[in-house]
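Colleague: I should like to understand how the terms used for this protein are justified. May we go through them one by one?

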Amino acid sequence: MSLLSRELPPTAGLPLQASDFLPGGGDLCTILAGQLGTPPLQLTCSGTHALLIALRTLRRRAPQRDTVILPAYTCPLVPIAVHSLGLRIHLCDTRRDHFDFDPIALHAAADARTLAIIPTHLGGRIADVDRACAIAHRVGAWVIEDAAQALGARVAGNSVGLRGDIGFFSLAAGKGLSLHEGGLLLAREEELRAALIEQAAGHTPFNPRWELTRSLQLLGLAACYRPPLLSLVYGNPLRRALRRGDLEAAVGDVFSLAIPQHRVSRWRQNVGARAAQRLPAFLQAARLRALQLRVQLESLPAVEVVDGMPGTLGTWPLLMLLLPSERARDKALSSLWQRGLGVSRMFIHALPDYAYLRGVAADADVPNARDFAARSLTVGNSPWLTHEDSCEIVKVLAGQ
């Protein structure tokens, strides 16, 4: 079997099984809340939908506040969601060689107009939410924890999503547990949880067309999220995009400005509930794989493995790496990106540099975020990553 007929995914998603489609899986939110040790969870049709509900809820509480502070290196869906509600976006630079907020820049950005600050746990690595909370609460704002890529991560024994005022997870394809698209919303305080539920009730109709689309996509994910078939839905489109020089399409960075908002069917919830029973063991196996690969990568003098806050227990859907220069990063990708080894990039640009977001996120002076985008790449941590695959990746990176 050639490398191109054995395609590894760029992130570690939990593979679905035929038994997941049997009835009687139980309640998805109850199962996950029990695993995570959180208050009741609220199911949404995507992580972006969860963010919309959170922002609408907070805006009702503080209509005089209109600004949301985002890290300048994050998923384009985040500013799209903020912009769709007519809110003002303040892009804050990241700290050097990292995706988390620069604390000095964040402190300067927060003021009486700030509605929320959104720290992001990127790639399962943990951001400094406590600092964001101290800065936000000083000016009377809230913190929304973007844990879209960190379902199952913990800080001091507690699930991420609970240190801020509101948190959300994504159940999209490749993000651990998946309904193909889905999200989870949570809050520490009972009163705020009730307000989130009330807000969602008024903006979450059942949409048969969207639910049929997501159900078919979920079936396709179950069938094709395997190395022998992943080229059909991921690898071949990736290579076509790279050949025409469309890097944003290659990593899936271009999103519609219209955000679907609809209820998730009981059928998809049941599939997720059955798969969720295997999630804790899956995450633990991923941690062990990642730590072994990390030892190899950290032995390379020209490679830095990006980590989160010290003492935290993140998840490992992938490993984020920084190379010494954009040229070195591009040289490594030229050897690895098209070979089916799960090597990719997180986001192509810092947010101000996406042409299609020009009317959404204004230009900003964010040199650290731009540098991070220019020098970073990712290595997928799927269950099919073999020792031989890892050695091939390390061999290429050692030559940078």
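Modeller: In this predicted model, the lining of the largest cavity divides into five nonpolar, four polar and no charged residues.

Colleague: What makes residues of the lining of the largest cavity count as polar or nonpolar?

Modeller: The class follows from the residue type: Leu and Pro count as nonpolar, whereas Gly counts as polar. Leu 14 and Pro 15 line the largest cavity and are therefore nonpolar members of the lining. Gly 13 also lines this cavity and is therefore a polar member. About 60 Å³ of space lies in the largest cavity.

Colleague: What makes three residues of the lining of the second largest cavity count as charged?

Modeller: Asp and Arg belong to the charged class. Asp 100, Asp 128 and Arg 131 line the second largest cavity, so these residues count as charged. The lining also has four nonpolar and no polar residues. Helices α4 (103-109) and α5 (129-138) each give two or more residues to the lining of this cavity.

Colleague: Why is Leu 219 called partly exposed?

Modeller: Its relative accessibility is 41%. Buried means under 20% and exposed means over 50%, so Leu 219, lying in between, counts as partly exposed. Leu 219 lies in helix α7.

Colleague: How do you know that Leu 219 is accessible enough for a nonpolar surface patch?

Modeller: A patch requires over 30% relative accessible area, and Leu 219 has 41%, so Leu 219 passes that cut-off. Leu 212, Leu 216, Leu 219 and Trp 267 make a nonpolar surface patch of about 390 Å². Helix α7 (residues 208-224) gives the most to the patch, with three residues.

Definitions and conventions:
Residues numbered from 1 in each chain as written. Predicted model: local features only at pLDDT ≥ 70, side-chain atom pairs only at ≥ 80, totals over all residues. Heavy atoms only, no water. Patch = residues over 30% accessible without salt bridge, like charges linked within 9 Å, V, L, I, M, F, W, Y side chains within 5 Å. Areas by Shrake-Rupley, 256 points an atom, 1.4 Å probe, with all protein chains shown as cover. Salt bridge = Lys/Arg side-chain N within 4 Å of Asp/Glu carboxyl O. Helix = DSSP H or I, 4+ residues; strand = E, 2+ residues; numbered from the N terminus. Buried < 20%, exposed > 50% of the residue type's maximum accessible area, 1.4 Å probe, protein only. 1 Å grid on protein atoms, 1.4 Å probe; cavity = no way out; pocket = protein on both sides within 12 Å on 5 of 7 lines; lining within 4 Å. Points joined across faces, edges and corners; volume = space filled by probe spheres on them.
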